[in-house]
Amino acid sequence: MSDQEWSELWRQDEPPVPDTEALVRDLAAMSEKLRRRTRNRNLREYGAGIFVAAVLSPMLFHPRLWLVALAGILVTAGVLGYLWLQHRDEKPADQSMDSAAYGRRLLASYDRQIRLLGSVKYWYVAPIWAWLMLVTFVTAGGRTATAVRFCGMTAFCGFIVWLNESYGVRKLRAERERVESMLSGEKS
Amino acid sequence: MPAMDTTRFEGLLLRYHGPLRRLSGAYAGAVEAGDLFQEVALALWTALPNLRGESSERTWVYRVAHNTAISFVARQRKLREREPVQPPSFEPASPDNPERELLVDEKRRRLQRAVHELPLPNRQVMLLHLEGLSAAEIETITGCTAGAVATRLTRSRQWLAERVNHEEEKR
């Protein structure tokens, strides 16, 4: 068959024209829903930080716990500030760029997520661990109790690092590899 | 979106509805073609205010549609491991000459299946070629060089001829 014949055969499949007015209504609703969902996700993230700060603030006036409260507020502000900086650089992909550039952008977004998860021990777990240690020593009971709490919290933080860096990063890398092979045509 | 843009969007949908439906089927398969079509329409709706005279309307629409499809397929591939994607299947046209129409429908279905099974970069180039876009337009949309477009087209033609004719011989 010639190219012209393939093309004609392909274009013979002409689906019925849609009700564009109804489609526009649906799309406006979907677009609004998407906007609200993004706004709510951001509010939840920063709302959690504000909640922690609100809970710790009264403790700032406590003669023994003021340092714990201050450190907690600083850690929360630091983590949220770091996340905000990361999100600030994220711009929605321009859908009208050419496909090769779009594919590169898609892979770059995987790389960014992998970097963020891979460095979780520095910007998330380490400050929280330091704060938990401060809480442990400021509110310490006997030596054994302090040692148990120290080990328990350190193990918990270690688990969070493992979950992100080992499990999360591995999964993202595998996904990136699949997308890369799809874009290069190695897999259909 | 302002009323003028809504009218513009409706016009765009009417002009490109057929190609976008066919593109959705070729990328997403039968079951999810409707979902992809809706995502493409939403992407066009969102991006329309940015459409200026820098590129032609046709290349702009295809760029947005193909990029949305790439993201869709990337997400879909996670699910594919659990559930295989159904190749596109379309309703046969109501025939005046039933026997001949049936044969044409069958051939078209084979063509659609073969396009759906092409590796993604070749599928993209072939889809645009089948929709009647010029080599220069395909280069603008895909960001590939003229040489790469020509190579992909040659490979895809061979693939289509093999697949469609092979199935025909089997019958």
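Between domain 1 of chain A and domain 2 of chain A there are 0 salt bridges, a salt bridge being a side-chain nitrogen of Lys or Arg within 4 Å of a carboxyl oxygen of Asp or Glu. This is a predicted model, in which local features need pLDDT of at least 70 and side-chain atom pairs count only at pLDDT 80 or more, while totals for chains, interfaces and linings use all residues. Residues are numbered from 1 along each chain as its sequence is written, and side-chain values use heavy atoms, without hydrogens and water.

Here is how the two domains meet, with bounds from an automatic or database domain assignment.

| Domain of chain A | Residues | Residues in the contact (heavy atoms within 4.5 Å) |
|---|---|---|
| domain 1 | 1–90 | 13 residues |
| domain 2 | 99–188 | 12 residues |

Their C-alpha centres lie 20 Å apart. About 1,100 Å² is buried between domain 1 and domain 2 of chain A, with carbon and sulfur atoms giving 80%; buried area is the accessible area (1.4 Å probe) that two parts lose on being put together, summed over both. In domain 1 of chain A, Val68(A), Val79(A) and Tyr82(A) lose the most area to domain 2, together 38% of what that side buries.

Now for chain B. It has 6 helices and 0 strands, taken as DSSP runs (helices H or I, at least four residues; strands E, at least two). Of its 171 residues, 51% are buried, meaning under 20% relative accessible area with a 1.4 Å probe, protein chains only. Leaving aside neighbours within four places in sequence, Val115(B) is in contact with residues including Trp10(A), Ala26(B) and Leu160(B).

Conventions: Chains are lettered from A and ligands numbered from 1 in the order in which they are written. Buried means under 20% relative accessible area, exposed over 50%, partly exposed in between (1.4 Å probe, protein chains only).
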